[in-house]
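Q: Please take a close look at one part of this model, the packing of helices against one another. Then set that part in the context of the rest of the chain.

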Amino acid sequence: MDKAHERRFEFLALAVPLTLWGGFGLLGDVAGYTDALYEPDYTIQNVPEGGVLAEAGFLPGDTVVAIEGTPVEQLGMYSRWPRSLSRRPGEALQVTVRREGRIVQGAVVAREPPPTVKRGRWLIFLFSQMFLWLGMWLLFTTPTAHAGRMALIGLVAGFAAPGPGLGSLNGLGDHMEVAAEVLLLILLFHFLLLFPRSKRPARNPWIGLIYLPWVALVGGQVAELVTHPRMYHSLGGPIGLLLLGYLLAITLTIVHTAAHTPNVERAASGMGPVLGGWAVALLPNLVAFAGWVVPPGWDTPGQDWFPFLILAIPAGMALGVRTQARGVVEPS
């Protein structure tokens with residue numbers, strides 16, 4: 001068996017358990033929904049009207065001092081939330097807060113996750129599985145370097161899907177998901193720099209520098225796991241900016257490729273399906289986003305299912321790789 005075949009089956013051996021991991025995370029999660037109990041400084045900053053925190057009598061600015069009698073400093077925030085504190089819908093969690101020098105207690109009763117949370121879980125699972133198994137399909141059917149890159153992107157997408165609850169080891173799973181999300185965007189950026197043909201930045205010997213922020217992120221996560229989880233939560237803002245930066249780089253690369261690929265070349269190059277997939281995924285969601293913010297309270301028809309159109313991205317990329325490999329030219 002040659003090295004190419006060995007790599008195929010090594011990838012497949014990773015893909016199967018990643019699918020099981022994501023499936024158990026999606027279908028096996030029975031924990032109730034409790035809003036965000038507290039921030040890195042242990043204060044309750046957001047008390048949604050009609051939510052479980054408001055129902056328990058808590059107010060913005062309350063400082064959480066204990067959960068079920070255990071000081072919060074010993075709980076390690078949510079990234080090391082003990083399994084014993086997990087609550088199913090209808091079960092209560094005793095929370096102690098300090099309010100203007102007084103100690104106040106309340107029972108936070110977990111609820112069923114709202115529909116938006118459930119839809120989000122399904123979306124993440126389906127997105128990761130499409131990338132994963134379309135990548136495997138290309139790896140076994142399309143002997144090109146782009147197919148191998150798609151397979152690698154698929155494996156990373158599989159790691160980005162939330163898995164089952166790990167109790168006090170939840171921090172490890174959370175960190176893996178965040179690291180995989182950032183790496184997924186970097187790999188997508190790198191792929192688009194090389195597809196359908198290599199662009200000038202990809203030919204630069206310093207192209208590996210685009211991975212340095214991810215290396216720094218993983219280093220920070222390791223430091224958090226061996227020190228204190230507050231460090232990780234404090235990195236939430238920079239991580240968001242990092243994700244936004246890579247999304248912007250991806251967008252600029254797509255626009256550049258669209259502008260510099262002649263129409264007569266798009267079919268055979270495979271760039272047509274790639275561009276179409278990104279357009280189908282992004283444009284309706286921009287419309288939905290506009291409906292949420294301008295004007296306030298206006299609902300855009302379909303905005304609940306618009307996010308699922310992001311599945312067009314892996315579908316378009318797989319079709320593009322396959323089209324380029326086969327040299328198929330569509331009729332003009």
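A: Contact here means heavy atoms within 4.5 Å, and the elements are DSSP runs numbered from the N terminus, helices being H or I of at least four residues and strands E of at least two. The model is predicted: local features need pLDDT of at least 70, side-chain atom pairs count only at pLDDT 80 or more, and totals for chains, interfaces and linings use all residues. Residues are numbered from 1 along each chain as its sequence is written, and side-chain values use heavy atoms, with hydrogens and water left out.

The part under examination is the packing of helix α4 (residues 145-160) on helix α5 (residues 170-194), whose axes lie 8 Å apart at an angle of about 160°. Since angles over 145 degrees count as roughly antiparallel, α4 is therefore roughly antiparallel to α5. The axes are lines fitted to C-alpha atoms over the stretch in contact, and the angles run from 0 to 180 degrees between N-to-C directions. The crossing of α4 over α5 is left-handed, that is, the near helix is turned anticlockwise from the far one by less than a right angle.

From α4, the residues His146, Arg149, Met150, Leu152, Ile153, Val156, Ala157, Phe159 and Ala160 take part in this contact. Their counterparts in α5 are Met176, Glu177, Ala180, Glu181, Leu183, Leu184, Leu187, Leu188, Phe191 and Leu194. By class, the residues of the contact between α4 and α5 comprise 15 nonpolar, 1 polar and 3 charged. Ala, Val, Leu, Ile, Met, Phe, Trp, Tyr, Cys and Pro count as nonpolar, Asp, Glu, Lys and Arg as charged, and the others, Gly among them, as polar.

Leu152 of helix α4 illustrates the surroundings of this contact. With its neighbours within four places in sequence left aside, Leu152 touches Phe11 and Leu187. Leu187 is one of the α5 residues named in the contact with α4. The C-alpha atoms of Leu152 and Met136 are separated by 8.9 Å, at 16 residues apart along the chain. Leu152 counts as partly exposed because its relative accessibility is 37%; buried means under 20% relative accessible area, exposed over 50%, and partly exposed in between, with a 1.4 Å probe and protein chains only.

Helix α5 also packs on helix α7 (residues 212-226), their axes coming within 10 Å and crossing at roughly 175°. The pair is therefore roughly antiparallel as well. On the α5 side, Gly171, Leu172, His175, Val178, Ala179, Val182, Leu183 and Ile186 meet Trp214, Leu217, Val218, Gln221, Glu224 and Leu225 of α7. The contact of α5 with α7 has 10 nonpolar, 3 polar and 1 charged residues. Leu183 appears in the contact of α5 with α4 and also in that of α5 with α7.

Following α5 along the chain, Pro196 lies in the loop between α5 and α6 (200-203). A cis peptide bond, with omega of about 0°, joins Phe195 to Pro196.

The confidence of the prediction bears on this part too. Among the elements of the protein, α4 has the highest mean pLDDT, at 95, and helix α8 (residues 230-234) the lowest, at 59; pLDDT is the predictor's confidence in each residue, from 0 to 100. For the protein as a whole, the average is 84, and 86% of the residues score at least 70.

As to the wider setting, the protein has 12 helices and 4 strands, and 42% of its 332 residues count as buried. Of the contacts between residues at least 6 apart in sequence, 70% join residues at least 24 apart.

One such setting outside the helix pairs is that of Phe308, in the loop between α11 (271-293) and α12 (312-326). Not counting residues up to four places away in sequence, Phe308 touches Arg119, Trp122, Leu123 and Leu126. Its C-alpha atom is separated by 8.4 Å from that of Phe127, 181 residues apart along the chain. Phe308 is partly exposed, at 25% relative accessibility.

Among the strands, β3 holds Thr96, which counts as buried at 12% relative accessibility. Beyond four places in sequence, Thr96 is in contact with Thr63, Val64, Val65, Ala66, Ile103, Val104 and Gln105. The loop between β3 (92-99) and β4 (102-109) contains Glu100, where phi is near 50°, a positive value in a residue other than glycine. Glu100 is exposed, with a relative accessible area of 78%.

Definitions and conventions
Parallel < 35°, antiparallel > 145°, perpendicular 65-115°, else oblique.
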